[in-house]
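Please examine the sequence and the model shown below. The report that follows treats internal cavities, the surroundings of a ligand, and the two domains.

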Amino acid sequence: MTHVALVGPEIEENLSLRYIASSLAARGHTSDIVAFNGPTDFGPAIARIMETNPAVVGISLAFQWRASDFFAFAVALREAGFRGHVTAGGHFGTFAAREILTDFPEFDSICVQEAEETFATLTDHVGTGRALEGIAGLWLRDAGGTAYSTGHPALPDLATLPWPDRRGEPAACFGHGIAPLVSSRGCYAKCSFCCIAAWHEQSLPGKRYRLRDVDDVAAEMVEMQRTRGIDIFVFHDDNFFVPGHRKNIDRFNALADALERRGIGDFATVVKARPTDVTPAVFEVLKKRLRAIRCYIGIETDADQGLSTLQRWAQSKQNHRAIEVARSLDLYACFNMLLFDPDTTVESIETNLAFMRFAPEFPSNFGRVELYAGTPLLARMAAEGRCRGDYLSWDYTLGDARAERVFQLSMRCFDERNFGVDALANRIMGTRFDIEVFRHFHPDLFRQEWAEEGKALSRAMTLSGADSLERIVRFVKDGGSASAEEALVAEETTKLRAAEDAVRGNARDLARTLLATVKRGKPLTWIGDRVATPLQKAREVA
Ligand code: SF4
């Protein structure tokens with residue numbers, strides 16, 4: 001038996017760490033899950049590892065934007081005197097394995113791809129002092145210190161993979177337990193900016209996506225409800241949907257049947273969809289039988305230019321249909337707009353602003369497409385000589401000078417609203433979630449006016465944002481001078497913060513009213529949205 005520390009973000013249950021923890025347990029090893037969500041966790045996490053002295057530390061490098069934090073963590077761990085094996089994995093770790101082992105002697109290895117089997121075998125070998133060279137799925141250093149790969153690992157069989165470790169108290173909304181899970185891995189699409197698509201592409205030839213048996217998924221859900229009080233199941237599948245509307249209807253019905261057969265109590269689900277997946281028939285099943293209370297719809301862009309640059313395999317009419325379907329079913333949906341990409345023009349921005357105005361009652365957020373490791377978009381930008389920085393954080397300038405100026409000005413105005421866990425754009429999604437949880441689980445106490453209030457909050461956010469963006473676009477189109485920029489930013493910032501103050505106050509009042517009525521647990525409005533990953537932005541590159 002060997003003891004392992006698994007370090008990573010745990011804002012919600014981190015499934016990548018927890019799948020590894022259960023695979024380690026199946027081999028007789030023990031593990032600690034050490035949360036590192038932000039600066040305040042840094043010292044305590046180091047102290048905990050030094051105290052428990054594991055033989056192996058595994059660091060989750062899923063998010064490129066947090067990689068530097070975790071590299072600093074590995075450095076601090078070594079400085080504190082840790083002498084065990086340090087490995088890392090995840091999407092970013094996989095794509096940047098060579099660079100990491102070249103630049104950071106603190107790491108002994110990198111586990112690439114889906115690493116349950118690789119990590120467990122590595123732990124077997126470290127625990128018994130055996131060499132690691134024969135384990136597929138690793139990056140190591142040779143005698144001369146040069147990084148090399150031991151080859152692509154066999155992907156785990158989802159039918160036999162142990163369910164993720166569920167230690168600890170689950171998150172909850174008004175006392176209803178929330179847990180993430182996956183019913184599949186991979187995505188059938190191939191968007192140019194997406195590290196998920198690039199990651200699964202590495203495994204080709206083979207399936208772009210693999211599905212779990214619905215009966216196994218149902219068994220995991222019922223077990224979680226009975227043992228942990230989970231009522232809200234957040235599906236974090238790369239893509240919850242398969243290509244083919246009929247197939248989705250059949251799969252969702254089969255999952256609902258399996259849940260009923262197993263006697264699940266009242267429950268709700270949260271899913272993500274591509275706009276192309278959204279049809280009235282599919283979403284009726286999703287809402288009625290799988291009891292979806294929230295769906296993230298990956299709109300990303302409504303401009304033909306953006307849809308082409310991002311290789312979305314979707315059309316504007318499908319974006320509009322997706323919103324209309326959600327609206328007609330009164331299903332809470334939310335989306336992000338990648339308003340800025342390398343080819344964005346002012347006209348594309350205007351098209352996307354029109355889309356935001358078309359769907360104002362659905363919470364949305366916007367930002368720039370970042371260049372993630374392993375993606376076709378990064379490769380394209382590198383080939384065009386347009387990347388600045390290094391593998392830790394690539395930066396770029398939009399090709400269209402006017403669009404770049406809109407981007408720079410808008411980021412100065414919207415930074416506080418759009419980015420980070422505490423950004424109001426994220427908090428409002430929590431408020432909307434509170435309303436839906438209340439409506440679903442306590443219909444007898446629910447008042448329809450709260451749903452309308454929630455929509456009004458989102459509308460106020462969207463429209464104040466769109467108004468401000470439009471004024472910025474007009475300033476740029478009119479050739480506003482550089483010396484006038486400060487005044488513009490100051491004016492827009494004042495207007496935006498005023499709108500946000502009003503929305504924040506109303507959201508808190510609404511959450512208080514909901515809580516006073518339901519009299520159980522806490523609303524997500526207070527504790528932050530724990531069921532959505534906040535929009536990310538790249539760190540500034542000097
Ligand atoms: S649909 Fe989503 S998960 Fe699939 S490739 Fe596109 S961005 Fe990635």
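The lining of the largest cavity in this predicted model is made up of 8 nonpolar, 6 polar and 1 charged residues. These are the 15 residues that line the cavity, and Ser 364, Asn 365, Arg 417, Met 461 and Thr 462 are the ones that lie nearest its centre. Four elements give two or more residues to this lining: strand S16 (364-368), helix H15 (401-418), helix H16 (424-441) and helix H17 (448-477). Of the lining residues, 5 come from H17, which is the largest share.

The largest cavity is one of 3 cavities of 30 Å³ or more that the structure holds. What surrounds the second largest cavity? Its lining consists of Ser 183, Val 214, Val 217, Phe 240, Arg 251, Phe 252 and Leu 255. At least two of these lining residues are supplied by helix H8 (214-228), and at least two by helix H9 (245-261). H9 gives the most, with 3 residues.

The table sets out the volume and the lining of these two cavities.

| Cavity | Volume | Lining residues by class |
|---|---|---|
| Largest cavity | About 130 Å³ | 8 nonpolar, 6 polar, 1 charged |
| Second largest cavity | About 50 Å³ | 5 nonpolar, 1 polar, 1 charged |

The next topic is the ligand. The residues around the ligand are Cys 187, Ala 189, Lys 190, Cys 191, Phe 193, Cys 194, Ala 197, Asp 238, Arg 274 and Arg 312. This shell divides into 6 nonpolar and 4 charged residues, with no polar residue. Among the residues around the ligand are the cysteines Cys 187, Cys 191 and Cys 194.

The final topic is the arrangement of the domains. The protein is divided into domain 1, which covers residues 3-149, and domain 2, which covers residues 171-527. Taken over C-alpha atoms, the centres of domain 1 and domain 2 are separated by 30 Å. How many residues of each domain are in contact with the other domain? In domain 1 there are 21 such residues, and in domain 2 there are 26.

The size of an interface is often expressed as the accessible area that is lost when the parts come together. Between them, domain 1 and domain 2 bury about 2100 Å², and 55% of this area is on carbon and sulfur atoms. On the side of domain 1, Gln 64, Phe 95 and Glu 114 supply 32% of the area buried against domain 2, more than any other three residues.

Methods. Residues numbered from 1 in each chain as written. Predicted model: local features only at pLDDT ≥ 70, side-chain atom pairs only at ≥ 80, totals over all residues. Heavy atoms only, no water. 1 Å grid on protein atoms, 1.4 Å probe; cavity = no way out; pocket = protein on both sides within 12 Å on 5 of 7 lines; lining within 4 Å. Points joined across faces, edges and corners; volume = space filled by probe spheres on them. Nonpolar A, V, L, I, M, F, W, Y, C, P; charged D, E, K, R; others polar. Near = heavy atom within 4 Å. Domains from an automatic or database assignment. Contact = heavy atoms within 4.5 Å. Buried area = accessible area lost by both parts, 1.4 Å probe.
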